[in-house]
Amino acid sequence: MDVKKMNQPNQGIKCIVNTCYYYMNGDQCSAEKIEVQPRNAANTQETDCATFIPQGS
Ligand code: SF4
């Protein structure tokens, strides 16, 4: 998924993953959209953001 990095935060998302390319100060995400996986997850801990890209990549 090729996701655009915006100049402002995506207001609908709070994210604390400060090692992500899309992360912005204040626990915000600048990705235009995100994808969360996996299907059939049973709880919060089983879910994660598939849009994550490591910083510097
Ligand atoms: S893309 Fe996912 S992991 Fe990266 S800042 Fe946004 S919500 Fe967080």
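Q: What makes the radius of gyration of the protein chain agree with a compact globule?
A: For 57 residues, a compact globule would have a radius of gyration near 10 Å, and the protein chain has 11 Å, so the two agree. The radius is taken over C-alpha atoms, and the globule rule is 2.2 Å times the number of residues to the power 0.38. Along the principal axes, the C-alpha atoms fill a box of roughly 35 × 20 × 20 Å.

Q: What kind of model is this, and how are residues numbered?
A: This is a predicted model, in which local features need pLDDT of at least 70, side-chain atom pairs count only at pLDDT 80 or more, and totals for chains, interfaces and linings use all residues. Residues are numbered from 1 along each chain as its sequence is written.

Q: How do you know which elements the protein chain has?
A: Helices (H or I, at least four residues) and strands (E, at least two) are DSSP runs, numbered from the N terminus. By that definition the protein chain has 0 helices and 4 strands. Their order from the N terminus is β-β-β-β.

Q: Why is Y22 called buried or exposed?
A: A residue is buried if 20 or more other C-beta atoms lie within 10 Å of its own, exposed if 12 or fewer, and partly exposed in between, with C-beta atoms placed from the backbone. Y22 has 24 other C-beta atoms within 10 Å, so Y22 is buried. Y22 is found in the segment before strand 1 (23-24). Of the 57 residues in the protein chain, buried residues make up 9%.

Q: What does Y22 touch beyond four places away in sequence?
A: Y22 touches K5, C29, S30, A31 and T51. Contact here requires that the two C-beta atoms, placed from the backbone, lie within 7 Å. Across the protein chain, 40% of the contacts between residues at least 6 apart in sequence join residues at least 24 apart.

Q: Why are Q8 and N7 classed as they are, buried or exposed?
A: Q8 has 8 other C-beta atoms within 10 Å, so Q8 is exposed. N7 has 6 C-beta neighbours inside 10 Å and therefore counts as exposed. Q8 lies in the segment before strand 1, and N7 is placed in the segment before strand 1 as well. From C-alpha to C-alpha, Q8 and E32 are 9.5 Å apart in space and 24 residues apart in sequence. For N7 and M24 the values are 9.7 Å and 17 residues.

Q: Why does D27 count as buried, exposed or partly exposed?
A: D27 has 13 C-beta neighbours inside 10 Å, so D27 counts as partly exposed. D27 sits in the loop between strand 1 and strand 2 (28-29). Although D27 is not a glycine, its phi is positive, about 55°.

Q: What is the class of N40, buried or exposed, and why?
A: With 5 other C-beta atoms within 10 Å, N40 is exposed. N40 has a positive phi of about 70° although it is not a glycine. The loop between strand 3 and strand 4 holds N40. P38 is placed in the loop between strand 3 (36-37) and strand 4 (48-49). The peptide bond from Q37 to P38 is cis, with omega near -5°.

Q: How do you know which residues are around the ligand?
A: A residue is near a molecule if its C-beta atom, placed from the backbone, lies within 6 Å of it. The residues around the ligand include C15, C20, Y22, C29, C49 and T51.

Q: What makes a residue of that shell nonpolar, polar or charged?
A: Ala, Val, Leu, Ile, Met, Phe, Trp, Tyr, Cys and Pro count as nonpolar, Asp, Glu, Lys and Arg as charged, and the others, Gly among them, as polar. On that basis the shell around the ligand divides into 11 nonpolar, 1 polar and no charged.
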